[in-house]
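With the model open in a viewer, please follow the stops below in order, selecting the named residues at each one.

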Amino acid sequence: MKITLLGTGTSQGIPVPMCACKVCTSTDLRDKRLRCSALVETNGLSILIDTSIDFRQQMLRAGVKRIDAVLLTHHHFDHLFGLDDIRAYSTAQQQFINLYTCPESEQEVLARFGYAFEKPDNLKYGLPALKMNVVREPFKLHDLLEVVPVEVGHGKLNIYGWRIGNFAYLTDCKTIPEPSYALLKNLDVLVIDCLRYTAHPTHASLPETLAYIERIQPKRAYLIHMSHEVMHTELESKLPDHIRVGYDMMEIVVD
Ligand SMILES: [Zn+2]
Ligand SMILES: [Zn+2]
Ligand SMILES: [Zn+2]
């Protein structure tokens, strides 16, 4: 399984327009972060986690040739609003693409993108063609790959992280409910929210992220969704070897 981090920044992206801070003006490419999304390639499937607002740019940059399914974590604009551009893939593939979501996000997705779902003519007219799947338990993708929703707390919202094999992706998580820990055992790779150094009401900050990693005990962990308070080299120098700071276009291989 190969995971490509397509974007690793918080909702504003880095650099932030009009900001002259040392991270926004850094020349280190690892400090340039599009909004969070990841591509998982395994078992011949190409699975996208979130359609970030930078979707189009991310697909072109990573040269993504196919999308078999979208796993949505939640409906906030930074994770969802690139969805319309999936028309390029549904049209090229001439098929409806399955989108999997948590119950909290179903109505929000339909309110904004209802025209994209289950309209038979969309394939013919080049419009986005999607099928809605509200997930309440683990399911088999294309009858061959088990995908496990992992509930996390994001402020007032209960949203999903996703586990595939021994890889899990938890973005925008402030809290991890007790039952979710049972779904996060024996991970080779955990990708997890780490907004900044100080506390935030809806995102894990560094001390919380490190405590989650300590409890979950993955073999390796990668931090994502960083704000412009986080300089790549500065944060990474404070971390043990098995925890790394994610960056855009980082490739992670899981056996
Ligand atoms: Zn976010
Ligand atoms: Zn800045
Ligand atoms: Zn969010």
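## The metal site

Begin by selecting the zinc ion (ligand 1), whose protein donors in this predicted model are Asp-78 (OD), His-79 (NE2), Asp-172 (OD) and His-225 (NE2), at 2.1 to 2.3 Å from the ion. Measuring angles at the ion in the viewer is a useful next step, because the 4 donor atoms subtend angles of 90 to 154°, which makes the arrangement around the zinc ion (ligand 1) irregular. Along the chain, the donors of this ion are spaced as D-H-x92-D-x52-H. Two of them are worth colouring by element: Asp-78 belongs to helix H2 (residues 77–80), whereas His-225 sits in the loop between strand S12 (220–224) and helix H8 (232–236), so the pair ties together parts that are 147 residues apart in sequence. Asp-78 and His-225 are both buried.

Now add the zinc ion (ligand 3) to the selection, and keep Asp-172 in view, since this residue bridges the zinc ion (ligand 1) and the zinc ion (ligand 3), with 3.6 Å between the two ions.

## The nonpolar cores

Hide the ions and show side chains for Leu-71, Leu-141, Trp-162, Phe-167 and Val-191, which are the residues with the most contacts inside the largest nonpolar core, a set of 29 residues. Apart from that core lies another, of 28 residues, and Leu-170, Leu-206, Tyr-212 and Ile-216 are among its members.

## Helix H4 and its two sides

Select helix H4 (residues 103–113), where the buried residues are Ser-105, Val-109 and Phe-113. Turn the view to look down the axis of H4: the buried residues fall within an arc of 40°, so they line one face of the helix. That picture can be set beside a general rule, namely that an α-helix has 3.6 residues a turn, so residues three or four places apart point the same way. If the neighbouring elements are then displayed, the buried residues of H4 can be seen to pack against H2, strand S5 (97–101) and strand S6 (130–134). On the other side of H4, Gln-107 and Ala-111 are exposed.

While H4 is still selected, pick out Arg-112 and Glu-108, which form a salt bridge with 3.4 Å between the closest N and O atoms. These residues are 4 apart in helix H4, and are therefore separated by about one helical turn. Arg-112 counts as partly exposed at 37% relative accessibility, and Glu-108 is also partly exposed, its relative accessible area being 33%.

## Other salt bridges

How many salt bridges does a search of the whole structure find? The search gives 15, and a few of them make good final stops.

Select Lys-22 and Glu-234, whose side chains meet in a salt bridge at 2.7 Å, N to O. Lys-22 lies in the loop between strand S1 (2–7) and strand S2 (37–42) while Glu-234 lies in helix H8, so this pair ties together parts that are 212 residues apart in sequence. Glu-234 is partly exposed, with a relative accessible area of 28%.

Move next to Arg-35 and Asp-54, which form a salt bridge whose closest N and O atoms are 2.8 Å apart. Arg-35 is in the loop between S1 and S2, and Asp-54 is in the loop between strand S3 (45–49) and helix H1 (55–62), 19 residues apart. Arg-35 and Asp-54 are both buried.

Finally, select Lys-2, Glu-41 and Glu-251 together, which are linked in a network of salt bridges.

Technical notes. Residues numbered from 1 in each chain as written. Chains lettered and ligands numbered in written order. Predicted model: local features only at pLDDT ≥ 70, side-chain atom pairs only at ≥ 80, totals over all residues. Heavy atoms only, no water. Core = buried A, V, L, I, M, F, W, Y, C linked by side-chain atoms within 4.5 Å. Buried < 20%, exposed > 50% of the residue type's maximum accessible area, 1.4 Å probe, protein only. Donors = N, O, S within 2.8 Å, 3.2 Å for Na, K, Ca; no water. Tetrahedral: all angles 85-135°; square planar, octahedral: opposite > 155°, others 65-115°. Helix = DSSP H or I, 4+ residues; strand = E, 2+ residues; numbered from the N terminus. Arc of directions from axis to C-beta. Contact = heavy atoms within 4.5 Å. Salt bridge = Lys/Arg side-chain N within 4 Å of Asp/Glu carboxyl O.
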